[in-house]
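The following exercises concern the ion pairs, the surface and the confidence of one protein structure. Please work through each task before reading its solution.

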Amino acid sequence: MTTTVDSQNTGASRNTDADGGAANLDKVRDLIFGGQMRDYDRRFVALEERLLKETSDLREDVKKRLSAIESLISREIEALNDRLKAEQEDRSTASKDLARQLDDTARTFEKKTGQLDDQMARGLRDVRQQLHEQHRQLSDDLKGQADQILERLARESQQLQSDKTDRASLAALLTEMAMRLTDDFRLPAAEDTARG
């Protein structure tokens, strides 16, 4: 039992010696490097605080900038959407106006085409009527002129018939003319004068 207690005491004293040695070593280290270490510790703490502050500031700055960029992008997207909507509305309005103008033009064209068809039909009717009137008038004129010519021919024929001599008188006249031309014709008065 005494051995066990001694060994325990020896172990405890060794522990105490090790702890004391470490403490002594810390003291020696503290004496040699203590001021510098404390200065380094202060500097490290200050540097760490500064890094934490700068990191926090940087984080806040990045957040602000990202927020500003997001806000700018959002405004740009809204502006682009508004412009796109305005362009779509303008194009829709323009296409509606164009469609309305095309409808109006088509209606006007159909109306004018109908008017032209009516005018042409009326013109053709008028021309046909005028041609018919002129044909009838020409027919009447020709008939009148033919009647006049026939009437005149009848009159001329009647006059020629009344003025015409018979064949015997014409033969005697022609014989007399032939005899006079050949000097064979003598008048009875001339023969009596020659005899007397």
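A salt bridge is defined here as a side-chain nitrogen of Lys or Arg within 4 Å of a carboxyl oxygen of Asp or Glu. The structure is a predicted model, in which local features need pLDDT of at least 70 and side-chain atom pairs count only at pLDDT 80 or more, while totals for chains, interfaces and linings use all residues. Residues are numbered from 1 along each chain as its sequence is written, and side-chain values use heavy atoms, with hydrogens and water left out.

**Exercise 1.** Determine which residue forms a salt bridge with Asp61, and describe the placement of the pair.

*Solution.* Step 1: the partner is Arg65, with the closest N and O atoms 3.3 Å apart. Step 2: Asp61 and Arg65 are 4 residues apart in helix α1, so about one helical turn separates them; helices (H or I, at least four residues) and strands (E, at least two) are DSSP runs, numbered from the N terminus. Step 3: classify the accessibility, where buried means under 20% relative accessible area, exposed over 50%, and partly exposed in between (1.4 Å probe, protein chains only). Asp61 is partly exposed at 31%, whereas Arg65 is exposed at 55%. In general, side chains of opposite charge can pair when their charged atoms come close.

**Exercise 2.** Analyse the salt bridges formed by Arg42 and by Arg155, and state how many salt bridges the whole structure holds.

*Solution.* Step 1: Arg42 pairs with Asp39, and their closest N and O atoms are 3.3 Å apart. These two residues are 3 residues apart in helix α1 (residues 2-163), which means a separation of about one helical turn. Arg42 is exposed at 55% relative accessibility; Asp39, at 24%, is partly exposed. Step 2: Arg155 meets Glu151 in a salt bridge of 3.6 Å, N to O. Arg155 and Glu151 lie 4 residues apart in helix α1, about one turn, and Arg155 is partly exposed at 48%. Step 3: salt bridges with shared partners join Asp39, Arg42 and Arg43 into one network. Step 4: the search of the whole structure gives 11 salt bridges.

**Exercise 3.** Characterise the surface, including the nonpolar patch that contains Ile32.

*Solution.* Step 1: the accessible surface of the protein is about 18,400 Å², 56% of it belonging to carbon and sulfur atoms; areas come from the Shrake-Rupley method with a 1.4 Å probe, and for residues only the protein chains shown count as cover. Step 2: buried residues account for 1% of the 196 residues. Step 3: patches are made of residues with over 30% relative accessible area and no salt bridge, like charges being joined within 9 Å and nonpolar side chains (Val, Leu, Ile, Met, Phe, Trp, Tyr) within 5 Å. The patch in question comprises Val28, Leu31, Ile32, Phe33, Met37, Tyr40, Phe44, Leu47 and Leu51, with about 930 Å² of accessible area together. Step 4: Ile32 is placed in helix α1 and is exposed at 57%.

**Exercise 4.** State the secondary structure and the confidence of the model.

*Solution.* Step 1: the protein has 3 helices and 0 strands, in the pattern α-α-α along the sequence. Step 2: pLDDT, the predictor's confidence in each residue from 0 to 100, averages 80, and 80% of the residues score at least 70. Step 3: helix α3 (residues 188-195) has the lowest mean pLDDT among the elements, 55, and α1 the highest, 83. Where pLDDT is low, the predicted coordinates should not be read in detail.
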